[in-house]
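Dear colleague,

Please find the structure below, handed over for your own work. A short account of what was found in it comes after.

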Amino acid sequence: MLRTDLNPEMLAHPGSPPVEWKISEGLVAYEDALAAMEERVAAIADGRADELVWLLEHPPLYTAGTSADPKDLIDTQRFPVFATGRGGEYTYHGPGQRVAYVMLDLKRRRQDVRAYVAALEEVVIRTLDMMNVRGERREDRVGVWVRRPEKPLLPDGTMAEDKIAALGIRLRRWVSFHGLSLNVEPDLSHYGGIVPCGISAYGVTSLVDLGLPVTMADVDIVLRQAFEQVFGPTATTG
């Protein structure tokens with residue numbers, strides 16, 4: 001069912017400095033990213049650092065959120081599996097997927113987890129809209145979905161849908177970390193080792209799979225514009 005009740009208030013805070021915007025080249029090891037996030041979140045919570053959005057790509061791996069069901073890990077040997085403190089179930093990260101780790105101080109914005117998740121979804125939906133793709137929310141499925149009318153109907157007679165972006169967050173002292181992943185051009189067969197997010201009835205897709213000849217740099221530009229519309233100004237950092 002289409003979720004229409006979540007029109008999130010903008011979580012921008014006029015009194016906050018610009019959110020630092022960092023893009024890492026190459027593949028970043030998951031353990032290194034997690035350690036860096038932990039350190040930055042602590043610094044933000046203590047008032048020693050500004051908020052940060054960190055864009056990167058990981059080598060192929062699976063992560064298990066706090067709700068992950070072991071039976072949803074189909075191939076235990078395919079890629080490394082990392083238990084993580086974010087919400088959600090199993091998901092995949094790998095080359096061609098834009099991961100955005102979003103570290104914001106919600107004490108300065110809005111202390112509402114549901115509104116924050118909706119705002120992250122809104123960033124993805126606006127990003128897709130600027131590339132002429134309609135992304136949608138679903139009441140019973142976190143993330144962003146696209147309809148696939150060219151595919152066979154589902155067993156219940158409804159239109160096929162694929163997931164194009166996943167969300168998983170964690171808060172510590174009201175500072176967020178983890179964030180979202182948007183499929184640009186990953187190897188979609190890599191999802192075969194898990195039941196993504198515990199949902200087997202639907203597939204996964206990417207911008208390139210949908211027929212858009214876009215690069216990661218193209219997506220980053222649009223993603224930043226969408227983020228600023230929802231959360232406020234950003235400033236490039238090294």
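The following notes describe an open sheet, a buried strand with its partners, and one helix residue.

The model is predicted, so local features require a pLDDT of at least 70 and side-chain atom pairs count only at pLDDT 80 or more, whereas totals for chains, interfaces and linings use all residues. Residues are numbered from 1 along each chain as its sequence is written, and side-chain values use heavy atoms, with hydrogens and water left out.

**The open sheet**

Three strands form an open sheet in the order S4-S3-S5, with mixed pairing. Strands are DSSP runs (E, at least two residues), as are helices (H or I, at least four), and both are numbered from the N terminus; two strands pair if DSSP finds at least two bridges between them. The edge strands, S4 (81-83) and S5 (90-93), each pair on one side only. On average, neighbouring strands of this sheet are turned by 30 degrees against each other, direction ignored; the axes are lines fitted to C-alpha atoms, and angles run from 0 to 180 degrees between N-to-C directions.

Strand S3 (residues 61-64) pairs with S4 in the parallel sense over 3 bridges, and Ala64 has Ala83 in S4 as its bridge partner. With S5, S3 pairs in the antiparallel sense over 4 bridges; here Leu61 stands opposite His93. From S5, Tyr90 and Tyr92 point one way and Thr91 and His93 the other, and all are buried (under 20% relative accessible area with a 1.4 Å probe, protein chains only; exposed is over 50%, partly exposed in between).

**Strand S6 and its partners**

Strand S6 (residues 97-103) is largely enclosed by the rest of the structure, because 7 of its 7 residues are buried. Gln97, Val99, Tyr101 and Met103 point one way from S6, while Arg98, Ala100 and Val102 point the other way. Strand S2 (residues 52-57) pairs with S6 in the antiparallel sense over 5 bridges, and Leu55 stands opposite Ala100. Strand S10 (residues 175-183) also runs antiparallel to S6, joined by 5 bridges; the bridge partner of Gln97 in S10 is Asn183.

**Thr127**

Thr127 lies in helix H2 (residues 113-129) and is buried, with a relative accessible area of 0%. Its side chain reaches the backbone oxygen of Val123 at 2.8 Å. Leaving aside neighbours within four places in sequence, Thr127 is in contact (heavy atoms within 4.5 Å) with Leu182, Val222, Leu223 and Ala226.

With kind regards

Terms used: A polar contact is a pair of N or O atoms within 3.5 Å; within protein, one must be able to donate a hydrogen and the other to accept it, and residues adjacent in sequence count only if both atoms are side-chain atoms.
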